Amino acid sequence: MGADLFEIKSVNNYPDDYYECTDVAKDELRDNARPSVVAMPGDLSEYDTVFIGGPIWWGTYPMPMFTVLEKIDWMGKTVLPFSTHEGSGLANIERDMKRVCVGADVKPGLAIYGSSVASAKSDVENWIKNNLK
């Protein structure tokens, strides 16, 4: 799409070991943590539409994403959430984005199996077309 990109990165790296990583993620979710992030996005006032994407960890986006998303003025914006997963679909993503992106029109999200990302181009294109009318 030629869109501008911003990557949300936690100051502290997550463990490489899958089980250790899921334990840290579960603790952060349980504690409603807002981990420090490397950088915040700049002014988003020039954007009407924002795509928000990431993996699903314990039913929602990783907590560092909320560190950023809760500090943005979403009034009047269109938000399109998407995620990768391995069986949970969108889980709580749409509900959480409606709660966090106050004032935005949160469109139906797109969930793609992580193992199917390479073959999902037409699904992504159709989702974009259907939601950017």
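Contact is taken here to mean heavy atoms within 4.5 Å. The model described is a predicted one, and the protein averages a pLDDT of 95, with 100% of the residues scoring at least 70. Confidence is lowest in helix α4 (residues 121–131), where the mean is 94, and highest in α2, where it reaches 98.

Within helix α3, which spans residues 93–100, the buried residues are I93, D96, M97 and V100. These residues lie on the same side of α3, because they cover an arc of only 100 degrees around the helix axis. Such an arrangement can be set beside the general geometry of the α-helix, which has 3.6 residues a turn, so that residues three or four places apart point the same way. The buried residues of α3 pack against β1 (49–55), α2 (63–69), β2 (78–85) and β3 (105–106), whereas the face of α3 turned away from this buried side carries R95 and K98, both of which are exposed.

A further site examined was S10, which is placed in the segment before α1 (18–30). With a relative accessible area of 14%, S10 counts as buried, because the term applies to values under 20%. The side chain of S10 reaches the backbone oxygen of N12 at a distance of 3.0 Å. When residues up to four places away in sequence are not counted, S10 touches P35, S36, V37, V38 and P64.

Note on methods
Residues numbered from 1 in each chain as written. Predicted model: local features only at pLDDT ≥ 70, side-chain atom pairs only at ≥ 80, totals over all residues. Heavy atoms only, no water. Helix = DSSP H or I, 4+ residues; strand = E, 2+ residues; numbered from the N terminus. Buried < 20%, exposed > 50% of the residue type's maximum accessible area, 1.4 Å probe, protein only. Polar contact = N/O pair within 3.5 Å; in protein donor to acceptor, adjacent residues only side chain to side chain. Arc of directions from axis to C-beta. pLDDT = per-residue confidence, 0-100.
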